[in-house]
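Colleague: Could you take me on a close tour of the ligand site in this one? I'd like to hear what surrounds the ligand, and then how the pockets and strands look.

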Amino acid sequence: MPYETLILEKQENVGLVRLNRPEAYNALNDQLMNDLTAALDDLERDDNIGAIVLIGSEKAFAAGADIKMMREWDMLDVFKQQFITANWERASRCRKPVIAAVSGLALGGGCELAMMCDVIIAADNARFALPEITLATIPGAGGTQRLTRAVGKSKAMEMILSGRPMLADEAERCGLVSRMVALADLQREALALAGKIAGFSQPVVALAKECVNRAFESSLNEGILYERRMAYVTFGTEDQSEGLAAFVEKRAPQFKHR
Ligand code: CAA
C-alpha cells in the first residue's frame with residue numbers, strides 16, 4: 001500500500017521505513033504519524049520481517065512536531081484528540097527491534113521518535129536537539145524522560161533548558177547513539193545490523209529486547225529476576241535447542257522462530 005508521507009520497503013527479512021516529507025524537513029504531522037503507525041503495524045504482522053529500520057533523508061531525520069499544525073490548537077484541542085498519545089508511540093511499542101538511522105536534523109519530536117527506537121545509529125552529519133523551549137513549550141513525546149535516561153541529568157537539563165544541539169560525535173561519546181558512521185554508509189550499516197538481528201530467533205530476540213527495556217522500569221533485583229525467568233523461557237524454545245546443538249555439531253543453526 002503506498003503511503004503519502006513515507007516509503008515502506010521490505011528487503012528480505014528487514015522492513016525499511018523512510019520518512020518522506022521533504023518540503024518540511026520531515027516535520028511530524030498527523031498524516032505522517034498515522035502512516036508510520038500503519039507501516040509499523042504492517043511490519044509487525046509480517047512473520048517474514050525480523051527487524052525494522054527507520055530512516056529519514058540526508059538533511060533531516062525529522063524536524064519535530066509540525067509547528068504549523070500545532071499552532072492551530074489550544075489546550076482543549078490537544079487534550080481531546082490525545083495529541084501524541086493517539087498516534088506517536090507505535091515505535092516504542094514494537095515487539096520487533098527498531099533501528100533509527102539518523103542523518104541531518106533530529107529535532108524535538110524527531111529526536112524523541114529516534115529515542116523511542118531500540119538502537120540509534122547516527123551519520124556524521126546528525127544533529128540532535130530538543131528546541132521546544134525556544135517555542136515556549138516543552139518536549140511532549142518522552143524527551144525529558146528518555147534523554148535523561150540516555151545521557152544523564154546534567155546534559156539533558158542543558159539541552160532541554162537551552163535547546164543546545166548535540167552533534168553526532170558527542171551523541172556517540174555520551175551514549176545517546178550506539179555508533180556514528182559516515183553519511184554515505186548510514187543506510188547500509190543500519191540494514192546490515194537489522195539483517196543480522198533478523199537472522200536470529202525472532203521470539204528470543206523479542207525476549208532479549210523486553211529484558212533490556214525492563215531495566216528502565218524496575219529495580220535491579222526485579223530486572224534480574226525478570227531476565228532469569230526469560231532466560232529459562234528460552235530453554236522451552238526449539239530455536240534454543242537448535243542453537244546449542246548447532247554449536248556442538250559445528251554447523252550453522254537453522255532457526256525456525258519457534
Ligand atoms: N514544523 C512545520 N514545518 C517545518 C518544521 C516543523 N517542525 N520545520 C521546518 N518546517 C518547514 C518550514 O516552515 C519551511 O516551510 P515553508 O517553506 O512553507 O516556509 C520549510 O520546512 C523549510 O524550513 P526553513 O525555511 O525554516 O529552512 P531552514 O533550512 O532555514 O531551517 C530548520 C530548517 C532548522 C529545520 C528550521 O525550519 C527549524 O528550526 N524548524 C523547527 C524545529 C523545531 O523547533 N522543532 C521542534 C518542534 S516542537 C516539538 O517537536 C514538540 C514535541 O515534543 C512533540
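Modeller: Here is a walk from the ligand site outwards to the pockets and then the strands. Bear in mind that this is a predicted model.

Start with the shell. There are 23 residues around the ligand, and Tyr25, Ile67, Gly109, Glu112 and Glu132 come nearest. By type, the shell splits into 14 nonpolar, four polar and five charged residues. Three elements each supply at least two shell residues: helix H2 (67–70), strand E6 (105–107) and helix H4 (109–116). H2 gives the most, with three residues.

Two of those nearest residues also turn up when you look at oxygen atoms of the ligand. With Gly109 it's the backbone that matters: one of its polar backbone atoms is 2.8 Å from a ligand oxygen. With Glu132 it's the side chain, where a polar atom lies 2.8 Å from an oxygen of the ligand. Gly140 joins in through a backbone N or O atom, 3.0 Å from a ligand oxygen. As for cover, the ligand has 980 Å² of accessible area on its own, and the protein covers 62% of that.

Now the pockets, taking the second largest before the largest, since Glu132 carries over. The second largest pocket holds about 330 Å³ of space. Its lining has 21 residues, and those nearest the centre are Ala65, Met70, Glu132, Thr137 and Ile138. H2 and H4 are the elements that give two or more residues to that lining. So you meet Glu132 both among the residues that come nearest the ligand and among those nearest the centre of this pocket. The lining divides into 13 nonpolar, six polar and two charged residues.

The largest pocket has a volume of about 800 Å³. Of its 28 lining residues, Met115, Cys117, Arg146, Asn213 and Phe216 are the closest to the centre. H4 shows up again here: along with strand E7 (119–123), helix H5 (143–151) and helix H9 (202–214), it gives two or more residues to the lining. H9 has the largest share, at seven residues. In this lining you get 16 nonpolar, five polar and seven charged residues.

On to the strands. E6, which we met in the ligand shell, belongs to an open sheet of four strands with mixed pairing, in the order E4-E6-E8-E9. At the edges stand strand E4 (60–62) and strand E9 (166–167); each has a single partner strand, so one side of each is left without a neighbour in the sheet. E4 and E6 run parallel and are joined by two bridges, with Ala62 standing opposite Ala106 in E6. As a general reminder, strands of a sheet pair through backbone hydrogen bonds, either parallel or antiparallel.

For an antiparallel pair, go to the start of the numbering of the strands: strand E1 (residues 6–11) and strand E2 (residues 14–19) are joined by six bridges. Lys10 stands opposite Gly15 in E2. The two strands form a hairpin with two residues between them, and Glu12 in that turn has a positive phi of about 55°.

Note on methods. Residues are numbered from 1 along each chain as its sequence is written. This is a predicted model: local features need pLDDT of at least 70, side-chain atom pairs count only at pLDDT 80 or more; totals for chains, interfaces and linings use all residues. Side-chain values use heavy atoms; hydrogens and water are left out. A residue is near a molecule or strand if one of its heavy atoms lies within 4 Å of it. A polar contact is a pair of N or O atoms within 3.5 Å; within protein, one must be able to donate a hydrogen and the other to accept it, and residues adjacent in sequence count only if both atoms are side-chain atoms. Accessible areas come from the Shrake-Rupley method with a 1.4 Å probe; for residues, only the protein chains shown count as cover. Ala, Val, Leu, Ile, Met, Phe, Trp, Tyr, Cys and Pro count as nonpolar, Asp, Glu, Lys and Arg as charged, and the others, Gly among them, as polar. On a 1 Å grid over the protein atoms alone, a cavity is a set of points where a 1.4 Å probe fits but cannot get out, and a pocket is an open set with protein on both sides within 12 Å along at least five of seven lines; lining residues have an atom within 4 Å of a point. Grid points are joined across faces, edges and corners, and a volume is the space filled by probe spheres set on the points. Two strands pair if DSSP finds at least two bridges between them.
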